Structures are given as C-alpha cells and as structure tokens.
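Hi,

Here is the model I promised to pass on. Have a look at it first, and then read my notes underneath.

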Amino acid sequence: MTFPVDRATVPRQARGLAFVVLDNEAVIYEPTQDKLFLLDARATLVWQLLDGSTTLGTTSDELAEEFGPGVETLWTDVKELTSTMLQDRLAEIETKKS
Amino acid sequence: MSIRTESEARYLYVPPSNCTQAADRLGWEDTRTYRAGPWDLGIRANTKATSQIVQRLLPDIARPELRGASANLSVAFDDNLLSRGTPEVMQLLFLKCKPVLKTRNPRRVLEALLAWLDSFEHESRTDYVVIESVALIHEQQAFLVTPGLTRAVGAARRRLSQAGFVAVDGPTLLLDTARGEIVVEPPATAHDRSVLAEVARDVDPSDRAAAVGRYPVEAVLTRLHQPAGTRLGPARGVYGLGMNVFNRHALGPQGALDRLATFAQQVPILAGGVRDEVVDRVVAMAGGSAPAHTTE
C-alpha cells in the first residue's frame, strides 16, 4: 500500500509509539506490529517535525531554509520519508469529520 | 496451590513437526506436568530413573492431576547415571524438540532446567530488563551475543570453553541497565537441593555454567549490517538489543527503551559480523589481543 502525500498534507507522529532519540537517531517501537524501527538522522528530523498542525510543504520549506539544499530535492526526500512513515505506522493523518 | 482440572490447565502446546518427530524417535519414558509461572509445562524424561530424578527435584510444582501437557522440556540422562562414577556420555536438555544443552555434567542439566522454568516468570519482572541473548563470561566479565549470532557461538562451544569462557545457562538474561551488568540469580523455582548434590559428578571444570553473581558487560555483539567490530551508535545499539526484550509488556515499551538507552550509552555495542568473526572477536577482546572496536 502506498501513501500519497502532497504539500498540503498535515501528518503527525502516530499515537501510542515508544521512542528514544540518541545522537540524532530515533529508535521507535510500533506496538500494533510489535516492531522496532531505526531512523537515521535525516528521517528522525523529519519525524520529529510531524506535529499534526504544519503542512509538509511548510516543513520542507523550513528545512530548506535551515539546511540550504534545493527546495525541490528536499521536498522529494520529505515526501518519500513521510510516505514510508505512514506505511510503517510511525505517522498518521487525522481523518477530518465532515 | 489449588488443583486445576484439564479444562483450567494452561498448557503451551507444541505442534507436531519434523523436529518433534525426530526428537520423539529418541525414545522417552513419560511426560509429566509441572507449574512454571502461569503455565502448566510438560517435562519429558528419557527413562524411569530420569523421571524419578525430575520428580524428586520438583515435588512442589508437580501437577500429577494434569496429563495433557506437550513435551516443553525434555531431560535425557545416561541410563546408568546413578550407578556410575563420572558420566562419559552427554547429558541433554531439550527445549521442545531441540537440544539446548549438551554436557557431561548432570547437575548442570538440572540447574539449566531450573533456569528454563524460572524464565517463565521473567516476563512479568520489572527489576531488570530481561533479554534473550547468550552471555559468555570470561574472568568475571560478560560478553553478550544477541539472537541471530548465537549459532556461531553454539558451534564454537569447545573453543570458547578452552579459552576460559563459561556460559549463562537458560534462555534469558537479567540485565541491570543502570550498572551495565548481567545478573545471575540462584534458581527461584522451588526445588529439592539434595537432588542436585546427588547427581553432581566430578567433570571437566570447564564444563560448567556461570556461577551466581553480577558480571559487568564488556561488550555486546549484535547483528547489524556493519563491518565486524564496528562500534554502533547508541541508537543502533538500542535497536540491536530492543527486539530481544522478553519483559517489554511488564516494563512498558517506553520503559524498556529508556533502560536500554541508558545501557547503550555506557557499554560498547558492536556489529558482530558473520560466522567465525563473532567468536574471533569475543575471544580476542577477552584476551586483550584485539582492538575493542572500530568507530562507526
């Protein structure tokens, strides 16, 4: 299953996770799969910024401003990482009630 | 303790497989039920004499009213164990259908049996992180090898023994994460100590398990895709250890990770490499002839 995201997507860290961040790398326990995930420094930074209120586009722009690489390259990374995190249930998107 | 009926029994069913069929062919006398933690386990014995030894060892946890247990653990002693001096053949302990201990020391088999029975209580412990790993003790220092690398250790038992290593028998280790130590406790399962003394024999001193005590952990070798001996960052160390935690539910997932983080920041956690590299590394570190690690 793929999780398409775009710049307007507002994901957040999934609820119910346990995690530690050591030397900028996260180890996350996802209980429904009884599985541990290891995130490198780049993925950890993106995951930490998934706050449920900021769009991915804004997050990507802020990272580009801070770290300097081309906005398009960074957006591709953020998009792919977030999609993977949604697939792995490390992130989720609030379903809005109509 | 109240008597349970068959319908109330908590068995751990061992489904038939090629492995169990092969073990069954070795020939067994009987399987009797004993209480361990919340479970009613079957302990199988190869002869009437062995069965009587086990029954006399564990009278307080015997559940003779329950007869439906699978063979969760099996003890195979030399038929003439009690009439001979030093046993010449291997005495065996099986978990389900796989031998988990081969030794000429029958007392060690019974003590390992107690350690296995104890482990069924370990899931609910909150004082230590209980981890499924192998611990090799050398001159009061412990080297941990996580699952995925333990086959190499099993194949090198003789070499490790000759190099002065002893193992902690049992499926789980108690890890004092704050102090960076392995804790080997005396058996908690109720048993008759006189039976241990009765089967004790003078055997090769290297054929023994680690004594009760605390052992500082010198290094952990785990299976991650890094060159052998690479020291892993603390997060990778937590990751390498984290899936082997046996009492995660009791500690809570966050509590388990926090404790492992404390441990990983004080004890070197290394990529173990493959096959012989694992044992080479442990032997060299214990002998001081190898660099402890390279940097990630």
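Below is what I found, going from chain B as a whole to its domains, then to one group of strands, and finally to chain A and the contact between the chains.

One thing to keep in mind: this is a predicted model.

**Chain B overall**

Chain B has 10 helices and 15 strands. Its C-alpha trace spans about 55 × 45 × 35 Å along the principal axes. For 296 residues, a compact globule would come out with a radius of gyration near 19 Å, and chain B has 20 Å, so the two agree. Of those 296 residues, 43% count as buried. If you take the contacts in chain B between residues at least 6 apart in sequence, 75% of them join residues at least 24 apart.

**Its two domains**

The domain assignment splits chain B into domain 1 (9-104) and domain 2 (124-296). Their C-alpha centres lie 26 Å apart. Where they touch, domain 1 of chain B puts in 14 residues and domain 2 of chain B puts in 12. On the domain 1 side, the elements giving two or more residues are helix 2 (48-57) and strand 5 (98-103) of chain B. Helix 2 of chain B has the largest share there, with three residues. By class, that side of domain 1 divides into nine nonpolar, two polar and three charged residues.

**Strands 7, 8 and 9 of chain B**

Strand 7 of chain B (residues 134-138) is worth a look in your viewer. Is it mostly covered or mostly open? Mostly covered: four of the five residues in strand 7 of chain B are buried. Strand 7 pairs with strand 8 (residues 141-145) of chain B in the antiparallel sense, over five bridges. As one example, Ile137(B) has Ala142(B) in strand 8 as its bridge partner. These two strands form a hairpin with two residues between them, and Glu139(B) in the turn has a positive phi of about 50°. Strand 7 of chain B is also joined by two bridges to strand 9 (residues 166-167) of chain B, again running antiparallel. There, Leu136(B) stands opposite Ala167(B).

**The sheet in chain A**

In chain A, three strands make an open sheet in the order 2-3-4, with antiparallel pairing. Strand 2 (18-22) and strand 4 (35-39) of chain A are at the edges with a single partner strand each, so one side of each has no neighbour in the sheet. On average, neighbouring strands of this sheet are turned by 15° against each other, ignoring direction. Strand 3 (residues 25-30) of chain A is joined to strand 4 of chain A by five bridges. Tyr29(A), for instance, has Leu36(A) in strand 4 as its bridge partner.

**Where the chains meet**

Two helices lie across strands 2, 3 and 4 of chain A. Helix 1 (residues 41-48) of chain A is one of them, running at about 65° to strand 3 of chain A. Helix 7 (residues 234-242) comes from chain B and runs at about 25° to strand 3 of chain A.

How many residues of each chain are in contact? There are 12 from chain A and 13 from chain B. Strands 2, 3 and 4 of chain A each supply at least two residues of the chain A side. That side has 10 nonpolar residues, no polar ones and two charged ones.

Cheers

How values were computed:
Residues numbered from 1 in each chain as written. Chains lettered and ligands numbered in written order. Predicted model: local features only at pLDDT ≥ 70, side-chain atom pairs only at ≥ 80, totals over all residues. Pairing = 2+ DSSP bridges. Axes fitted to C-alpha atoms, helices over the stretch in contact; angles between N-to-C directions. Contact = placed C-beta atoms within 7 Å. Domains from an automatic or database assignment. Nonpolar A, V, L, I, M, F, W, Y, C, P; charged D, E, K, R; others polar. Rg over C-alpha atoms; globule rule 2.2 N^0.38 Å. Buried ≥ 20, exposed ≤ 12 C-beta atoms within 10 Å, placed from the backbone.
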